Amino acid sequence: MFNAKNFVCSTKKLLSHPQIEHQQSRGIVKVRLKWVKNRSLDNVIDTETDLKAACLLKDAIKRSPTGFLTAKSFADWQKLLGLTVPVLRFLRRYPTLFEEFPHARYANLPCFQLTGTALLLDSQEQSIHQTHENDTLERLSRVLMMMKSRTAPLQSLHSLKWDLGLPDNFEKVLIPKYPDHLSFIKAPTGVAAVRLVQWREEFAVSALERNNEGGEMGDEYRQFKRGQTTLAFPMNFPRGYGAQKKVRAWMEEFQKLPYISPYEDSRHIDPNSELMEKRAVGVLHEFLSLMIHKKTKRNYLRSLREELNIPHKFTRLFTRYPGIFYLSLKCKTTTVALKEGYRRGKLVNPHPLVRLREKFYHVMRTGLLYRGKGVNLIPREDILLKDLENRMEDKEEEETEEEEIGTGDEYYEETSDMEDD
């Protein structure tokens, strides 16, 4: 069993070692690699952009006192939802989820309510939230434990709601339920924030540490706990890069640096050192590990940058370590994904909520296929969901991961569209 207190003590002892102090200041020759397009992960991001928008619209309709939304009420939501088409056109694409009807007083005003299928899926989602509430509480607590002040703006958590797998109204149904763990405060900036009330040592174990605790890495992990070695990040380089001598030598030097837990106080580390850069990589690795889709938008990270104690231009870390992260420019936004969380374009060990969202997406696609052919041709709810479960059980073959490498020199300076503003 992992003992977090012993780990913290061993880490502090490790950092005070003269050899480690030297490693903070010694130079490592960095190689900046050409950005490689990963078609499989881009496709995941493209798909889930529409899925997320549909789920957010479902929640908005459910929250509405009338049980429906008018076209006027969501007219300016397109950018907020990350859509490339008007919201009205988007809703009309998916009649299996959103039922259109005229307003009682204004016949030319379209209105939308949830279909029976959407309501059924929503009830299954609420059941998952209740069953896995302790898991949700742990993920939220661990995010706050990574913050310098153990607090995060409520607005930032709302932005991360989908990625963290939080209930739609988590500030009402989750946080007040656990006053010994979480509380609301007013931040020094005047905004509402959520504060961690109680530090949980059992939560202060990163995903990298957990993954190395058993299995083939067991011996290496036991040595790490004794302070005799470091933990290595899993690497999955784009084709061709892993075999390049300069890249391999650089990564070997990087992996030899001590691993600093993202839950450890980092104020004693030289902010300009390679050790601090590895610590920042570890923070981003852990943060993405806590997301149930193992990805999030760069802007969401930017809003928490100071609290996470990561560099101002942290986007460079994603392009500098393509074996760990993938940076996508799909859907007119910048998304970063943890590569080890995916295998051949599919999530490894998906969360139950992710499985439910796969059902939701199937219902969306069914509505798109039957669109314009008459609502009577849409399968009944029970047949629709049963058909989906059968498809998910039978779908064993997976897509191969496709990567597109740009032409030109093998090393480069990051392009301007990937730089932090």
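Visitor: At roughly what angle do the axes of helix α7 and helix α14 cross?
Guide: The model is a predicted one. In it, α7 covers residues 133-145 and α14 covers residues 274-290. Their axes come within 10 Å, and the crossing angle is roughly 160°.

Visitor: Is α7 roughly parallel or roughly antiparallel to α14?
Guide: The axes of the two helices cross at roughly 160°. Angles over 145 degrees count as roughly antiparallel. Therefore α7 and α14 are roughly antiparallel.

Visitor: Which residues of α14 are met by residues of α7, and how many of the contact residues are charged?
Guide: From α7 come Arg 139, Arg 142 and Val 143, and they meet Glu 286, Phe 287 and Leu 290 in α14. By class, the residues of this contact include three nonpolar and no polar ones. The number of charged residues is three.

Visitor: Is the crossing of α7 and α14 left-handed or right-handed?
Guide: Two packed helices are described by the angle between their axes and the distance between the axes. For α7 and α14 these are roughly 160° and within 10 Å. As α7 passes α14, the crossing is left-handed.

Visitor: Which strands stand at the edges of the sheet with the order β5-β7-β6?
Guide: This open sheet has three strands, with antiparallel pairing. Two of the strands have a single partner each, so one side of each is left without a neighbour in the sheet. The edge strands are β5 (151-153) and β6 (182-186).

Visitor: In β7, what is the bridge partner of Ile 185?
Guide: β6 pairs with β7 (residues 192-196) in the antiparallel sense, over five bridges. Across these strands, the partner of Ile 185 is Ala 193.

Visitor: At about what angle to β7 does α7 run?
Guide: Helix α7 lies across β5, β6 and β7. Relative to β7, its direction is at about 100°.

Visitor: Which helix packs on the sheet of β2, β3 and β4?
Guide: That open sheet has the order β2-β4-β3 and antiparallel pairing. β2 (69-70) and β3 (98-102) are at its edges, each with a single partner strand, so each has one side without a neighbour in the sheet. The helix touches β2, β3 and β4, and its direction makes about 95° with that of β4. It is α3 (residues 39-63).

Visitor: In β4, which residue is the bridge partner of Thr 70?
Guide: β2 and β4 (residues 110-114) form an antiparallel pair over two bridges. The partner of Thr 70 is Cys 111.

Visitor: What percentage of the residues in the protein is buried?
Guide: The protein has 19 helices and 13 strands. Of its 421 residues, the buried ones make up 50%.

Notes
Residues numbered from 1 in each chain as written. Predicted model: local features only at pLDDT ≥ 70, side-chain atom pairs only at ≥ 80, totals over all residues. Heavy atoms only, no water. Pairing = 2+ DSSP bridges. Helix = DSSP H or I, 4+ residues; strand = E, 2+ residues; numbered from the N terminus. Contact = heavy atoms within 4.5 Å. Axes fitted to C-alpha atoms, helices over the stretch in contact; angles between N-to-C directions. Parallel < 35°, antiparallel > 145°, perpendicular 65-115°, else oblique. Left-handed = near helix turned anticlockwise from the far one by under 90°. Nonpolar A, V, L, I, M, F, W, Y, C, P; charged D, E, K, R; others polar. Buried < 20%, exposed > 50% of the residue type's maximum accessible area, 1.4 Å probe, protein only.
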